[in-house]
Structure formats: structure tokens, C-alpha cells
Amino acid sequence: PPAQPEHVQQTDLASTLAIGLGLPISRNSVGNLILPVVGGKTMREQLRFVHLNGFQLSRLLQENIPAYEKDPGYEHFKIAEKSHGNWIKLYLEGNNSEILLNLGKKVLKQYLEALKTLSSSLSKQVAQYDMYSMMVGTVIIMEVLILLLLSVPKALSKQAEFEVPLSPPLFSLLFYLMCLMLCAVHVIVCTSAESLCYFCSMSWLTAVGVMMLISALMCGILSAVAKILENYRLPPKNPVASSYSWSEIDVLILAGTIGHVLSLGASSFIEEEHQTWYFLINTLCLLLCQELCRNNFLLKECDPQHSTNVKQNFDSIGESSKCKNIDIPAASNSKLGKVTSSSEFIKGSDKWISLATPWIILICCRLLRSLNQTGVQWAHRPDFGHWLTSSEHKSELSLLAAVSLLMIFFLVQRRCSLVSKIAMALGLLGVYSYRAAIGNVTFPWQHGGKDISKGITEARFVYVFVLGIVFSGTKDLLKSQVISSDSSTKSTGLWEVYSGLVLLAALLFRPHNLPVLVFCLLIQTMMTKYIWIPLKFDAAQITIMHYWFGQAFFYFQGNSNGIATVDISAGFVGLDSYVEIPAIFLTAFATYAGPFLWAIHLLCYLSSEVRRNSAAVGHGCFCYALMRSIPVAIYVVLVTGLRYHLFIWSVFSPKLLYEGVHVFITAAVCLFFTAMDQNHSYKVQ
């Protein structure tokens, strides 16, 4: 009745609409027929409708539950089915008495009870989570995060010591007591679990290994806390050195990290996460502008010695730019007599370019935002990328792609060897040829009569040059690591590996996304030359800036936290058919090219900073791992708590998948960092 409307489940709409429209009920629907909708039909039709619904639910129950015959809903359905058979016999005999009507109402009631029980059982099955396995994984993740946080003081010290105290706890009584307790809990949970548990299905050897890992990490945490408390009680050896003042950059980094982590608890913030990163890098640029103004104007007036220091910083840029490795600052062995006066420095062009750099970066970021609309709320709006990819603007897209490839060559080649420069030029030419072959762009002399192909030959032509450049860089790295510890050879090798990855990204990116790669290289070059070196930020701050820009460029590419924005076509570039391993690698690289290229550039920069800070690479590796671990660990806890949220499968689950893949990529990057920092580790030992 309209005065007292009945509450129905949202899942009931699918079944009711299907029956009302004379269509089959969806196979995985767990809804019941809303009976008042068909209340005007005859008793025979009503019984037929509820029987169809019950049959569909019972089939779904058989597919999902092994012991479906013992389910109360299934038993009720079978009883109702038998009663329905008796009713049909009476109906066919032509019995129109009140007995037939009462029996029909009784069968209808039995069907409705069976449908309700079946739907409830299936809903519980759909919303049933393996909480024991989820809790075990969450505990391990949180233990690792706590260990990383407790190791911050030592890891960011001058020695860059990252030491997990696991050896003493392995021989302690607490470790064995915890192992026994966890094994007992495992036995109790696995023997009393009614549903299938993934962790319980593992072999006992694997389960005991996991319990030992949890116990060792917990003992390591307790040992680290005990050491911190012990050191806290002791008086500091150098009170002046131990005091640390927070700068505006540090406050922004802390507030931005905490704010981003907290925003992961809201589905709308996950859908529009790109807005968070755009805001953070814009705020960072404004803060860098303030820092540059203070260093160039305010502090110079207050402290004459500061003018001399800033001048030396810019002189080191000028000297290093003349060398082959532009990002390596020259040794600061110049005497004060060589420094020009403050008035001459004011006239220098480097100062004004440095002051303009944050504003240029802001302009670049604004242009990139207009290139690809991402997220959910404004994804339907037309953007510059859609305009370029339309068939009417192929000539404009061709011109933009050609200019972008030329800019990529100009920005990358400056630190490469002659052979790598030639390979890079031919590789970029092959990229344009590949896009022309598949019909994305055209050559000036081409008039639309050319047949479109898969471009397999052209793509493989580029792959050869990618492998060649990476191999050349790897050779220099091995030479610097094994034969002689030459920093210039190591820097050249790292840059050539980076150049090979840039060439691969240029091949996999769609033509309208090539400006993203150009602006990525341009921002890296300008920030290195005019911000990071002059202001002498420490390795931790530079690492976090790289991480933030990498996250922003992930969304500048047009990515989002939805599966639909993954560019699957990148996995088929240069392949005749689907080949699993290359397709996975190429798709993952094309998707995470932004964060990955910024991480490798971070390694190139920190390797050049070893002269100023011998532990720079170690600091960068630790900070990068920590910045990735904090949001992942907190997000796992949030997703576990929000597992019954309405958007758990459409919003939170895809984001968790993205985070998981990003963790694998970060692990690979950190291993590369550790390999490049091996010489320093030998010195520390």
C-alpha cells in the first residue's frame, strides 16, 4: 500500500525486471521476485514465476557451495517443488474448489520462504571474506612498516645504516614462545573454520615459516624500540648536531603524505586521486619559488656570506654544464678570491632562470592537465587528447609527435656517448615510422593512399636500439662496479640505461601522449639545474619530490584508479599475437612509465651527488621504499575495514590492484638502487 511501502532489496530488482519482461534471470543474480509486482496474475503464473526464480537460485547455490544439499534453503525449495507438483495435478484434474486455492497459497508461501533462505545463503557466500588469511597478511605488512619507521634515524644518518635486528631475537625465549602461540592459534582456526581458508590450505611447512616470520619481525620491533629507548636515556654526544629545525618543505612533505594517506579512506578521493597529486605538486612549486626568492634576495641582504655561497652553487652549475655529465656538480675547491662580486651575480641569467623555473613547471603541469581528462567526475569532458586523436586533426597530431620526438632527443642525448646518440636518433625515427605504419600519424609526403599495417617490423627495429642503448649503459655500470670505481663512467652508464627506457616509453606511448614524456624530461632537467643543485636539498627531500612528481605523471598519462584506463594496446607493440610475459611487461611499463622514469632519474641524480654526500643513494633508496610502504600498508587496513562498502569492488579493489603492482615495481627499483650503492656498502662494512 502507498501509505505503508514495503522495503525490498536492491538485488531483487534484477529478478523482478527479468520475469516482468519475459527474459531469463541473470545467472549470478541473488535477488528474489517482488511478489506484489505480479500480484495481478493467476495463481498458476505466480507459482511458475517463483519456481523459475527458485530454480535459478538453487543452480547458483550448487555452483558455489559443495554441500548445497544440506542448505536449508535448498531443502525448502525441494519441499515447495513437490507441493507445486501436487497442486498441478489437482489443477489438471479440473478441481476448482477452495482446496486448490488454499493449496496454491500454501505452495506460494513455501516458495517465498525458500527464496528468502536461498538468497540469504548466497549473499553470505558472496560477502564472505577469508578474514584469517587477510589478517595474517595485514600483520606482516604492518610489522614491516613499523620496522621501516623505527629505522628512520639510523637509515638517514651519515652512515645510512639500515639494520633489522633479527639475529638476537631468533635465539631468544620470546621468539619461540610466540611461534608456539601462533601455531596453536593456527591449528584452532583451521580446525574450526567452516569455510575454505587459503592460509589453512597451505602446507604445514609454509605455515610454520610464516609464523616464524611474524614472530621474528615482532621481536625485531621490540628490540628496535628497546634500543631507541636506551639511546633516548643517554645524553646526546653532540647537542648542536642533534638539533634539527623543520623547514617549510619538510612541513609540506609531512602534511602532504598524511593528507594523502587519510584521503584513501574515501571512495570519492580515490576516484579523483589525481586532484590530490596535482594540488601537492602545485603547492610544492609555490614553496620552491618562495625558497628561491628567500635565497636570492632576503638572505643575501641579511647575510653577506650567503651571497657568496649561492654564487658558488651557480658557479658549480656552470662548470658542470661544460662537462659531459651536466647533472654532476663540479668539486667545490674554488677559493673565495675567484668569486665575483654580488653586483655581478645579480646580473647573471642563471638567477632569473632559477626564479622562473617553478612558474614554468606550473605552466607545464597546467598544459598536461588539459591533455588527458581522468578520474570519474570529469572524464566525459572533451580534452586536448581527444581533439588530437580525431581523424580531422591527423596533420596536427603528426606535427606534435615529430616535434615531441625531436625534443626528447635534444633533452636526453646531452649525456650519452656518440654511439648511443646515433642509436637514440634512429630509434626515435623508428618510433615515428611505427606510428605512421599503423595509421596514427603521416609523413609529409604521404597522401593517404598507404595501407595500414601492424608496424611489427618498425617496432622491432626500435626494440633493437632500446636493447643496444641499455646494454651499452649496463656495460659501463659493470665496468664502474667491478673494474674501477669511476663515478663519471657510472653516471654515464646510468644515464644511458635511463635513455633506453625513455626510448621504450616513446614507442609505447600513444602519439598524443608524447608531450607528457617531453615535459617529464624538461621538468627533470630544469629542477636539477636550477633548483636541487643551487638550493642543496638533502637526499630525502629530493627523493620525496621525485616520488610526488612520479605520482602526478602517472595521472598526466591519462591513467586513473579504474581498470578501464589501462592501455592494453601497449602489450601488443611489435608482437604478431599475444605472448604472455612480454605483454605483461610492456603493459606494466607503459602504465607506470611516469613513476618508473622519475625513480630512475632519482638514481641518476643521487649517484652524481655522492661527492657531496656519500650516503645519498642509500638515503634515496630508503625514503623511496618508505614513501611507497606507508600508503600501501594503511590502505590495506582501510580496505579490510571497508570490505562491506558499496563500492568495494568498483573503487577500492581496483586501487588495491594498482597499489600491489606499484609495490612490485618499487621493489625492483630499490634492488637497482642497492646494486648501484654496493661500493658504499663495502666501505661501511
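Visitor: Before we start, what counts as a cavity, and how many of 30 Å³ or more does the structure hold?
Guide: A cavity is a set of grid points where a 1.4 Å probe fits but cannot get out. Keep in mind that we're looking at a predicted model here. Counting the cavities of 30 Å³ or more, the structure holds 7.

Visitor: What is the volume of the largest cavity?
Guide: Rolling a probe the size of a water molecule over the atoms shows where empty space is left. For the largest cavity, that space comes to a volume of about 70 Å³.

Visitor: Which helix supplies the largest share of the lining of the largest cavity?
Guide: Have a look at the residues around the cavity: Q551, F554, Y555, N561, Y592, R628, K655, Y658, E659 and H662. Two helices, α23 (539–556) and α27 (648–676), each give at least two residues to this lining. The largest share is 4 residues, and the helix they come from is α27.

Visitor: How many residues of that lining are charged?
Guide: Asp, Glu, Lys and Arg count as charged, and the lining includes R628, K655 and E659. Besides those, the lining has 4 nonpolar and 3 polar residues. The number of charged ones is 3.

Visitor: How far apart are the end C-alpha atoms of residues 204–229?
Guide: UniProt, in an unreviewed entry, lists 204–229 among its transmembrane regions. In the model, that span is 100% helix and 0% strand. Its end C-alpha atoms lie apart by 37 Å.

Visitor: Which cysteines does the disulfide join?
Guide: There's just 1 disulfide to find in the structure. Its two sulfur atoms sit 2.0 Å from each other, and the cysteines are C190 and C200.

Visitor: Is that disulfide left-handed or right-handed?
Guide: The thing to check is the torsion about the S-S bond of C190 and C200, which is about -85°. That value is negative, so the disulfide is left-handed.

Visitor: How many residues apart in sequence are the parts that the pair ties together?
Guide: C190 belongs to helix α8 (residues 173–192), while C200 is in the loop between α8 and α9 (204–233). So the pair ties together parts whose separation in sequence is 10 residues.

Visitor: And C670: why is there no bond to the closest cysteine sulfur?
Guide: C670 is buried, at a relative accessible area of 13%. A disulfide needs cysteine sulfur atoms within 2.5 Å. The closest one to C670 is in C621, and that's too far for a bond because the distance is 4.2 Å.

Key. Residues are numbered from 1 along each chain as its sequence is written. This is a predicted model: local features need pLDDT of at least 70, side-chain atom pairs count only at pLDDT 80 or more; totals for chains, interfaces and linings use all residues. Side-chain values use heavy atoms; hydrogens and water are left out. On a 1 Å grid over the protein atoms alone, a cavity is a set of points where a 1.4 Å probe fits but cannot get out, and a pocket is an open set with protein on both sides within 12 Å along at least five of seven lines; lining residues have an atom within 4 Å of a point. Grid points are joined across faces, edges and corners, and a volume is the space filled by probe spheres set on the points. UniProt positions are given in the numbering used here, feature names are shortened, and annotations may be inferred rather than shown by experiment. Buried means under 20% relative accessible area, exposed over 50%, partly exposed in between (1.4 Å probe, protein chains only).
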